[in-house]
Amino acid sequence: MMTLKNCYNGIGEYETITALFRGEDRIKKFLNLFLQDENFAKLTKALEEDDVETGFVAAHTLKGICQNLALTHLYDADVEVTEALRAKNLSLAKEKYPKVKEEYEKAYDRISQTVS
């Protein structure tokens with residue numbers, strides 16, 4: 001089992017999340033909800049289907065979740081996809097998506113090892 005501080009190393013800002021949530025149990029509760037969230041899967045499917053509108057909503061929602069949980073690495077990557085989709089630039093969104101996927105998988109893996 002990974003400590004919460006180690007979990008955030010490489011995916012986010014531990015000091016920020018602990019200041020916001022004031023308690024590791026609360027943080028872990030919300031990180032567990034992140035593991036259940038379907039917006040990354042919705043974004044992936046939307047990009048595969050060239051669905052800009054659905055992709056934007058999913059990317060924008062994921063961005064907000066990442067901001068609330070201080071998952072800054074995924075947030076930073078997702079901002080680029082969100083803004084590309086906001087501008088209806090599907091090709092740019094697809095170009096930026098691999099970084100989102102990489103950061104999502106890293107965050108998901110580290111969080112899984114922490115809250116399980």
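# Notebook: a chain of seven helices

I began with Gly 12 and looked up its contacts, leaving aside neighbours within four places in sequence: Gly 12 touches Ala 70, Leu 71, Thr 72 and His 73. The model I am reading is a predicted one. I placed Gly 12 in the loop between helix H1 (4-8) and H2. Is Gly 12 buried or exposed? Gly 12 has a relative accessible area of 17%, and the cut-off for buried is under 20%, so Gly 12 counts as buried. I also took a distance from Gly 12 to Gln 67: the two are 55 residues apart along the chain, and their C-alpha atoms are separated by 9.6 Å.

**Entry on the whole chain**

Next I stepped back to the chain. I counted 7 helices and 0 strands. Read along the sequence, the pattern is α-α-α-α-α-α-α. The radius of gyration is 14 Å, close to the 13 Å that the globule rule gives for 116 residues, so the chain is as compact as a globular protein of that length. Along the principal axes, I noted a C-alpha trace spanning about 40 × 25 × 20 Å.

I then looked up burial and contacts. Of the 116 residues in the chain, 42% are buried. Among contacts with a separation of 6 or more, 66% are between residues 24 or more positions apart. The exposed area of the chain is about 6,400 Å², and carbon and sulfur atoms supply 49% of that area. For charge, I noted 16 positive and 20 negative side chains, with the centres of the two sets 4 Å apart.

**Entry on helix H6**

Two of the contacts of Gly 12, Thr 72 and His 73, took me to helix H6, which covers residues 72-86. H6 has 15 residues and reaches 20 Å from its first C-alpha to its last, close to the 21 Å expected at 1.5 Å a residue. Which residues of H6 are buried? I listed Thr 72, Leu 74, Ala 77, Asp 78, Val 81, Thr 82, Ala 84 and Leu 85. An α-helix has 3.6 residues a turn, so residues three or four places apart point the same way. I checked the list with that in mind: Leu 74, Ala 77, Asp 78 and Val 81 are among the buried ones.

What covers the buried residues of H6? The cover includes helix H3 (24-36), helix H4 (39-48), helix H5 (52-68) and helix H7 (90-115).

**Entry on Glu 103**

I picked Glu 103, in helix H7, for a closer look. Glu 103 is buried, with a relative accessible area of 4%. Leaving aside neighbours within four places in sequence, Glu 103 is in contact with Gly 10, His 73, Leu 74 and Ala 77. Of these, Leu 74 and Ala 77 are on the list of buried residues in H6. I also noted Asn 9, which is 94 residues from Glu 103 along the chain, with 13 Å between the C-alpha atoms.

**Entry on positive phi**

Most residues other than glycine have a negative phi, and most peptide bonds are trans. I looked for residues with a positive phi and wrote down three cases.

- Arg 22 has a positive phi of about 50° although it is not a glycine. I found Arg 22 in the loop between helix H2 (14-21) and H3. Arg 22 is exposed, with a relative accessible area of 71%.
- Ala 70, also not a glycine, has a positive phi near 55°. I found Ala 70 in the loop between H5 and H6. Ala 70 is buried, with a relative accessible area of 4%. I had already met Ala 70 as a contact of Gly 12.
- Lys 88 comes just after H6 and takes a positive phi of about 60°.

**Entry on Glu 24**

Last, I looked up Glu 24, in helix H3. How accessible is Glu 24, and what does it touch? Glu 24 is partly exposed, with a relative accessible area of 33%. Leaving aside neighbours within four places in sequence, Glu 24 is in contact with Leu 4 and Tyr 14. I added one distance: Glu 24 and Leu 69 are 45 residues apart in sequence and 12 Å apart in space, C-alpha to C-alpha.

Key: Residues are numbered from 1 along each chain as its sequence is written. This is a predicted model: local features need pLDDT of at least 70, side-chain atom pairs count only at pLDDT 80 or more; totals for chains, interfaces and linings use all residues. Side-chain values use heavy atoms; hydrogens and water are left out. Helices (H or I, at least four residues) and strands (E, at least two) are DSSP runs, numbered from the N terminus. The expected span of a helix is 1.5 Å times one less than its number of residues. Buried means under 20% relative accessible area, exposed over 50%, partly exposed in between (1.4 Å probe, protein chains only). Contact means heavy atoms within 4.5 Å. The radius of gyration is taken over C-alpha atoms; the globule rule is 2.2 Å times the number of residues to the power 0.38. Accessible areas come from the Shrake-Rupley method with a 1.4 Å probe; for residues, only the protein chains shown count as cover. Lys and Arg count as positive and Asp and Glu as negative; His and the chain ends are not counted. The place of a charge is taken as NZ of Lys, CZ of Arg, CG of Asp or CD of Glu.
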